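This briefing is for a reader who has not met this structure before. It covers strand pairing, charged groups and two backbone details.

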Amino acid sequence: MSVVQKIAEIEAEMARTQKNKATAKHLGLLKAKLAKLKTELLIGPKSGSGGGPGEGFDVTKAGDTRVGLVGFPSVGKSTLLTKLTGTKSEAAAYEFTTLTCIPGTINYKGAKIQLLDLPGIIEGAKDGKGRGRQIIGTARTCNTILIVLDAQKPMTHKQLIEKELEGFNIRLNKQPPNMLFRRKDKGGVSFTNTMKEKPKNLDLETVQTILKEYKIHNADVVLREDCTLDDLIDVIEGNAVYMPCIYVLNKIDSISMEELDLLDQVPHYVPISAKDEWNLDDLLEKVWDYCKMIRIYTKPRGQIPDYNAPVILHNQSPTVGNFCDRLHKGIRGQFKYAWVWGRSVKHQPQKVGLSHTLMDEDVVQLVKKV
């Protein structure tokens, strides 16, 4: 029996099983088996020489951040890429016009954003149909995903694409679970809850059942928030990617205002018409917010700051140390201190060290050791 057939069999059993307290452990076990099989489908069997999760298209990473355009064929991805970047991607009114990954670059607020037009996704991509593995393999390398939807059939496409991306362990608009999982040599399985209330989904017996499926008999599991069985499986597997996602509702020129008001209730969405260039500024602003980038300006000693070429940092760790690394790897060794002007400091300027956290549009002057 092939891996795809085994997955279909387990999914059918899960669909047949009623969800209640009595079946929770059985469902958890099925979910763990399903996750293992999906990982095998992504990476290939352990005995093989396979590479990483779903080989992507060979596109060199360029610019300050990478954004992927994902969608079904003929939803307007190629037109959107051309309008935003000026890069010509073949566009036509029939399906599967784009057959490989087309990169383009957007210059926005001083940042270079690499935009990838991925070929049209099809249902069953996660099982290897079409170029599904390559498309989603490349999508995993992006900082943000833009799911391009046709305004005339948005919700159907949205659910199908989400299912395909979930199958490749891409978690859209979710944070990693606040849970510690640590293997150890002996001592069995310990389960600690640091929350005030009792967890709704996990207990020691359930955790032991799931870990047993992975042949893990000694481990510490510490719960810091109310996590689900799926969260526990993601943490054990260790290959889930948590990614911001914007739903780009294209071709709004073909629907009524009433339909547009109804679709306005969908979270994380931006309505546009790529053909008519409607609302593209709003889309770019949203991309900037979701990529969590900040601009830092350099100030040479005795000169005015350079506002034309900001250094782009990501919000996760915008420290002076990271700013030095973005300029040159050798600067840390020569660093003495830095003068900072902006919202991150009380005094203008203020003397700071490598661990100081910067904010958007701060000005930094580095002082090196003599």
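Six strands make up an open sheet of mixed pairing, in the order β2-β3-β1-β4-β10-β11. Its edge strands, each paired on one side only, are β2 (102-108) and β11. On average, neighbouring strands of this sheet are turned by 25 degrees against each other, direction ignored. The model is predicted: local features need pLDDT of at least 70, side-chain atom pairs count only at pLDDT 80 or more, and totals for chains, interfaces and linings use all residues. Residues are numbered from 1 along each chain as its sequence is written, and side-chain values use heavy atoms, with hydrogens and water left out.

**Terms for strands and helices**
- Helices (H or I, at least four residues) and strands (E, at least two) are DSSP runs numbered from the N terminus.
- Two strands pair if DSSP finds at least two bridges between them.
- Strand angles are taken between axes, which are lines fitted to C-alpha atoms, and run from 0 to 180 degrees between N-to-C directions.

**Strand pairing**
- Within the six-strand sheet, β1 (residues 65-70) and β4 (residues 144-150) are parallel and share four bridges.
- Gly68 has Ile145 in β4 as its bridge partner.
- Strand β14 (residues 335-341) pairs with β16 (residues 362-368) in the antiparallel sense over six bridges, and Ala338 stands opposite Leu366 in β16.
- Strand β14 is also joined to β15 (residues 350-352) by three bridges, again antiparallel; here Trp339 has Lys351 in β15 as its bridge partner.

**Charged groups**
- Side chains of opposite charge can pair when their charged atoms come close.
- The count of salt bridges is 17, where a salt bridge is a side-chain nitrogen of Lys or Arg within 4 Å of a carboxyl oxygen of Asp or Glu.
- One salt bridge is between Lys83 and Glu277, with the closest N and O atoms 3.4 Å apart.
- This pair links distant parts of the chain, 194 residues apart: Lys83 is in helix α3 (residues 77-85), and Glu277 is in the loop between β11 and α9 (280-291).
- Glu258, Glu259, Asp261 and Asp264 form a negative surface patch (residues with over 30% relative accessible area and no salt bridge, like charges being joined within 9 Å; areas by the Shrake-Rupley method with a 1.4 Å probe).
- Of these, Asp264 lies in the loop between α8 (257-263) and β11 (269-271).

**Backbone details**
- Gln348 and Pro349 are joined by a cis peptide bond, with omega about 0 degrees; Pro349 sits in the loop between β14 and β15.
- Ser74, in the loop between β1 and α3, has a positive phi near 60 degrees although this residue is not glycine.

Key:
Patches are made of residues with over 30% relative accessible area and no salt bridge: like charges are joined within 9 Å, nonpolar side chains (Val, Leu, Ile, Met, Phe, Trp, Tyr) within 5 Å. Lys and Arg count as positive and Asp and Glu as negative; His and the chain ends are not counted. The place of a charge is taken as NZ of Lys, CZ of Arg, CG of Asp or CD of Glu.
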